[in-house]
Amino acid sequence: MSSKKSQNEQNNGSFKSKIGGQALIEGIMMRGIDTAAMACRLPNGTIDVETWAIKNGKNAPWYRKTPFVRGCINFVTTMAEGIKCTMKSAEKQVTEDDEEEEMTKFEQWLTDKFGDKLMPIIMIISVVLAMALCVVLFKFLPMFISSLLLKAGAPDWVKTVAEGIIKLALLIGYFYVISLTESMKTTFMYHGAEHKTIACYESGKELTVENIRPMCRFHPRCGTSFILIVIILSIIVGMFLPWKSIPVRFGMQLLLLIPEASVAYELIKIAGRYDNIVTRIISAPGLWLQRITTNEPNDAQIEVAIAALTPCLPKDKEEDKW
């Protein structure tokens, strides 16, 4: 069955690509085999494109391609790169009128104090704060709320179920609430454009707005799916952790976050590489959640996605195949 499907893919030109991306502020970042690029729609309507070389695939260091080691490393580095690109995309939306506005005393002090080192420092702080927020919101808070059931004399399995429900509710609720804001609606449209453009490339079709427009906006290798799988794995692992000591349970959950992220990363890679009943089951929850985190893009946003993906396309397409 798999060999027959592989033959069909060769006949129609479709394949599974390793290229991934991320939506930015009025833009998209794409990461290919040896090149990454970000394209942003500037306030004047033009598309600005930046490219840079990366060590990926065969050129990547061992810890970024070793199964069950690469997961956490790639997650942290991808988050850092994503925050950096998001900040740069925000800067590109600043007009000359905005630049003429005077800096506050605090902003001036920071600039004088740190100079060119200011942006790297802000990026590091942003990554740390983002990870801390995730830990508090999806680890500590559900566990703390569920522990209150102790007063009611609830058995451990009830607390574990409650903790899992709260985790899922917080994740879905968080994405839903931010999706209601105008800025995130636009960002999620770029997210949809990113997925559609990669899908068009994987289908073997030419990267045109007309070809990309009807493509599916959901993709199994999406970061949304990764986050959801981590949450689901943490719920499963939580079934085997003791409730006798809340600090001990919380500490164990923090330690287990590393293998949870590693396993989730491998599952996402498998889901992106194969298409069968197992991978469809793995992908189903994340694809459902993408109904919230992606929106149908307009043609202008698809143009930005094309501009971001084009520099990342390898000269030899075989290098990009799984």
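The following exercises, each with a worked solution, concern a predicted model of a protein chain.

**Exercise 1. Confidence**

Determine in which helix of the protein chain confidence is lowest and in which it is highest.

*Solution.* Begin with the chain as a whole: its mean pLDDT is 86, and 87% of its residues reach 70 or more. Next, consider the helices at the two extremes. Confidence is lowest in helix α1 (residues 2–12), with a mean of 43, and highest in helix α12 (residues 299–309), at 98. Then examine the start of the chain, where pLDDT stays under 50 over residues 1–11. For this stretch the model has two contacts beyond four places in sequence. Where pLDDT is low, the predicted coordinates should not be read in detail.

**Exercise 2. The sheet**

State the order of the four strands in the open sheet, and identify which strands lie at its edges.

*Solution.* Step one is to establish the pairs. Strand β1 (residues 20–24) is joined to strand β2 (residues 27–31) by five bridges in the antiparallel sense. Five bridges, again antiparallel, link β2 to strand β3 (residues 35–41).

Step two is to place individual residues. G27 in β2 is the bridge partner of L24, and C40 in β3 is the bridge partner of G27. Two residues separate the strands in the hairpin of β1 and β2, where E26 takes a positive phi near 55 degrees.

Step three is to assemble the sheet. The order is β1-β2-β3-β4, with antiparallel pairing. The edge strands are β1 and β4 (47–53), since each pairs on one side only. On average, neighbouring strands of this sheet are turned by 15 degrees against each other, direction ignored. Helix α7 packs on the sheet and touches β1, β2 and β3; its direction makes about 160 degrees with that of β1.

**Exercise 3. Two neighbours of α7**

Decide how α7 is oriented relative to α6 and relative to α12: roughly perpendicular or oblique?

*Solution.* Take α6 first. The axes of helix α6 (residues 156–179) and helix α7 (residues 182–202) come within 7 Å and cross at roughly 105 degrees. Angles of 65 to 115 degrees count as roughly perpendicular, and α6 and α7 are therefore roughly perpendicular to each other. Here F175, I178 and S179 in α6 meet M184, K185 and F188 in α7. The residues of this contact comprise four nonpolar, one polar and one charged.

Now take α12. Its axis and that of α7 come within 9 Å and cross at roughly 55 degrees; the two helices are therefore oblique to each other. The crossing of α7 and α12 is right-handed. Residues of α7 in the contact include T186, M189, Y190 and Y201, while those of α12 include Q301, I302 and L309. The contact of α7 with α12 divides into 10 nonpolar, three polar and one charged residue.

**Exercise 4. The packing of α9 and α10**

Find the angle at which α9 and α10 pack, and describe the residues of their contact.

*Solution.* First, read the geometry: helix α9 (residues 223–238) and helix α10 (residues 246–273) pack at an angle of about 135 degrees, with their axes 8 Å apart. Second, classify the arrangement. Only angles over 145 degrees would count as roughly antiparallel; α9 and α10 are therefore oblique to each other. The crossing of α9 and α10 is right-handed. Third, inspect the contact. In α9 the residues include F226, I229 and L233, and in α10 they include R249, L256 and E260. The contact of α9 with α10 divides into 13 nonpolar, three polar and two charged residues.

Definitions and conventions
Residues numbered from 1 in each chain as written. Predicted model: local features only at pLDDT ≥ 70, side-chain atom pairs only at ≥ 80, totals over all residues. Heavy atoms only, no water. Axes fitted to C-alpha atoms, helices over the stretch in contact; angles between N-to-C directions. Parallel < 35°, antiparallel > 145°, perpendicular 65-115°, else oblique. Left-handed = near helix turned anticlockwise from the far one by under 90°. Contact = heavy atoms within 4.5 Å. Nonpolar A, V, L, I, M, F, W, Y, C, P; charged D, E, K, R; others polar. pLDDT = per-residue confidence, 0-100. Pairing = 2+ DSSP bridges.
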